[in-house]
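Student: I am new to this structure and would like to go through it by question and answer. Please show it first.

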Amino acid sequence: MYDYIIIGGGSAGCVLAARLSEMPDAKVLLLEAGPSDTNPYIHVPVGFFKMTSGPLTWGFKTAPLRHANNRETVYPQARVLGGGSSINAEVYTRGCPEDYDGWANEMGCKGWSAKDLQPYFIKSEGNTKLGGANHGIDGPLGVSDNVPNRVSAAYVQGCMDIGMPFNPDFNSGKQEGTGFYQTTTRGGKRCSAAVGYLRPALKRSNLELRTGVFVSRIAIENGKATGVEIIEGSVKKILTASSEVILTAGAIGSPKLMMLSGIGPATHLHDVGVSVQHDLKGVGQNLHDHFSTDVTWVLNGPHSYDKYKKLHWKIAAGLEYLMFKSGPVASNIVEAGAFWWGNRADKTPDLQFHFLAGAGVEEGVGTVPGGNGATCNSYYTRPKSRGSVTLRSNNPADMPIVDPNSFAEPYDLERHIDAIKITQEVGHSRAMQKFVSAEHFPGPVCKTKQDYIEMSRASARSSYHPVGTCKMGVDDMAVVDLAMRVHGIERLRICDSSTMPRVVSSNTNAPTIAMAEKAADLIRGNR
């Protein structure tokens, strides 16, 4: 018997396991379907490019994207201890204060404004450079600077050439401008939630971790969550929780498990043969994500990290890292970026840019002729399109149907094209032209608006920020209340990115961790 069972050892699950086990009288169990985070590529910052596909992900693909040429695209979601924080590109951004104020003031999520969440960002953060009122310096999540590649520096200068101001701190409350991303790294190594939060907490006798454990459903009795059904090997077992079951399986995994447990839209559950425990129509709805296109350039020499694909340079980089924990292996490659406007009517920037000093880094993005390249991906930060996660069948082993429905709203596509054109303009800047010999993709073939539309529909992909499928709120489609408790089911909470009512204007790992910090306080307050 446990007090708390946490399902999913990703960013949120690791935070909750660490914080709840601070209560010495609470017995906490953390369950993770994937393996422990022993793969060495996890811990070297450059290693993320090896992990956007493969055994540390669930292997999801989207449903055919109706507004993007009916393509089925890869949809990386982590299946390893630490979750996304173990395989992501380590970019540390929080979003605009206005994002959270929108949750509170426009969407009924009182208590989740920027002012409410700021203490949790600070509590979580262990920044090695920035301090003051906006930053934490001794939190579990290590945050530090990169030493940027010269092409990354040229990208920032190029953004300035076209009129963007330099921004020394994207997390100061003002995002606009260009600069260098801070990363969730410490001492030249990735600092995932598993490393920063969970590892120290596992010394406590009241916290138990089990990896390689597949949860097939949440046990519900008389409208209360009483535990979980797990599959270890081929054996089913029921584990019981006396206080709460806490679901932290992410924006795809959490709604899937809710529906397998009979909590979700009744009609859909009937259709796939799941017995309905509670008709909750918002489960699996409201899926949205940042949808990006990559612009790639051919460089006029071995200026980017691509040169380290050659054996002698690879050996040199490895030796530098082993001796000094510095150099290319200590870089996340995504060193620079920007936040800017597609539509100036918006108060805050509605576009985000990630510059990578290399080409062929991420899944589905090819290299360039000659092998020396650079990449910039960009997206509209506040998509209006909404999709869904639904069950394929009542078999827990079957993949869910993931349909982001990207570009369903024409406005999203318009802003997406704005971002591509701004990226191309930066590529033609004085600073970038010192290194760029040609734009490889999309290249000169894009001339008319229709060219850009067709190219975007053919090439855009997820930026790995799915949210919203178990959204927080007070309306009919809300799945959890303002304390993250599931509407209509006692002793069950969802505390992960699926509960974001609307995606933030940035990467989502740091906000997910801050939300989990707040959730831990809410749970401990109840206890």
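Student: Does D145 count as buried, exposed or partly exposed?
Tutor: The model is a predicted one. Buried means under 20% relative accessible area and exposed means over 50%. D145 has a relative accessibility of 36%, so D145 counts as partly exposed.

Student: With which residue does D145 form a salt bridge?
Tutor: The closest N and O atoms of the pair are 3.1 Å apart. D145 lies in the loop between β4 and α6, and the partner lies in the loop between β3 and β4, 16 residues apart. That partner is exposed, with a relative accessible area of 57%. The residue is K129.

Student: How many residues apart in sequence are the parts that E90 and R190 tie together?
Tutor: E90 and R190 form a salt bridge, with the closest N and O atoms 3.7 Å apart. E90 lies in the loop between α3 and α4, whereas R190 lies in strand β7, so the parts tied together are separated in sequence by 100 residues.

Student: Which residues of helix α5 are buried, and how wide is the arc they cover around the axis?
Tutor: Helix α5 spans residues 114–124, and its buried residues are A114, L117, Y120, F121 and S124. An α-helix has 3.6 residues a turn, so residues three or four places apart point the same way. The buried residues of α5 lie on the same side of the helix because they cover an arc of only 120°.

Student: How many salt bridges does the count come to?
Tutor: Salt bridges that share partners join R19, E22, K123, E517, D521 and R524 into one network. Another salt bridge pairs D346 with R382. The count of salt bridges comes to 24.

Definitions and conventions: Residues are numbered from 1 along each chain as its sequence is written. This is a predicted model: local features need pLDDT of at least 70, side-chain atom pairs count only at pLDDT 80 or more; totals for chains, interfaces and linings use all residues. Side-chain values use heavy atoms; hydrogens and water are left out. Buried means under 20% relative accessible area, exposed over 50%, partly exposed in between (1.4 Å probe, protein chains only). Helices (H or I, at least four residues) and strands (E, at least two) are DSSP runs, numbered from the N terminus. The arc is that of the directions from the helix axis to the C-beta atoms. A salt bridge is a side-chain nitrogen of Lys or Arg within 4 Å of a carboxyl oxygen of Asp or Glu.
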